[in-house]
Amino acid sequence: MLLFRSEEHVDRWRAAAGGAFGAVFPVEQAWELARAWFAGWLDPAWRRRTLEETEAVFASVGFTAPFWSLRPPPPADGGER
């Protein structure tokens, strides 16, 4: 995770760094994710989330773009895996 001052700063970094690009979101949204992610973590009955539960946590804080999907993308040739 990288922190930037502005979207312009992100654009400058992206142009200089090249490569794959993930997602841009405000630090407040990262805090919301942290709160949702670690809720109940200290409870002795805590268990690891399922894939569906994890995607629901992401969606609950507005992370719904394809970047946040934990499922593999479909094959490029349209065939089965």
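This note goes through the salt bridges and the third helix of a predicted model.

1. Salt bridges overall. The predicted model contains 5 salt bridges. Helix H1 and the region around helix H3 are taken up in turn below.

2. Glu-8 and Arg-12. These two side chains form a salt bridge, with an N to O distance of 3.1 Å. Both residues belong to helix H1, which covers residues 7-17, and they sit 4 residues apart, about one turn of the helix. Glu-8 is exposed at 54% relative accessible area, while Arg-12 is partly exposed at 43%. An α-helix has 3.6 residues a turn, so residues three or four places apart point the same way.

3. Asp-11 and Arg-14. A salt bridge also links Asp-11 to Arg-14, and its closest N and O atoms are 3.3 Å apart. The spacing here is 3 residues within helix H1, again about one helical turn. Asp-11 is partly exposed, with a relative accessible area of 42%. Arg-14 is partly exposed as well, at 33%.

4. Glu-52 and Arg-71. The salt bridge between the side chains of Glu-52 and Arg-71 has an N to O distance of 3.8 Å. Glu-52 lies in helix H3 (residues 51-60) and Arg-71 in the segment after H3, so this pair ties together parts that are 19 residues apart in sequence. Arg-71 has a relative accessibility of 42% and counts as partly exposed. Salt bridges with shared partners join Glu-52, Glu-55 and Arg-71 into one network.

5. The buried face of H3. Which residues of H3 are buried? They are Thr-54, Glu-55, Val-57 and Phe-58. Viewed down the axis of H3, the buried residues fall within an arc of 150 degrees, so they line one face of the helix. Helix H2 (27-38) is included in what covers them. Glu-55 therefore has two entries in this note: it is one of the buried residues of H3, and it is a member of the network with Glu-52 and Arg-71.

6. After H3. Gly-62, just after H3, takes a positive phi of about 95 degrees. When viewing this part of the model, the reader can take Gly-62 together with Arg-71, which lies in the segment after H3.

Conventions
Residues numbered from 1 in each chain as written. Predicted model: local features only at pLDDT ≥ 70, side-chain atom pairs only at ≥ 80, totals over all residues. Heavy atoms only, no water. Salt bridge = Lys/Arg side-chain N within 4 Å of Asp/Glu carboxyl O. Buried < 20%, exposed > 50% of the residue type's maximum accessible area, 1.4 Å probe, protein only. Arc of directions from axis to C-beta. Contact = heavy atoms within 4.5 Å.
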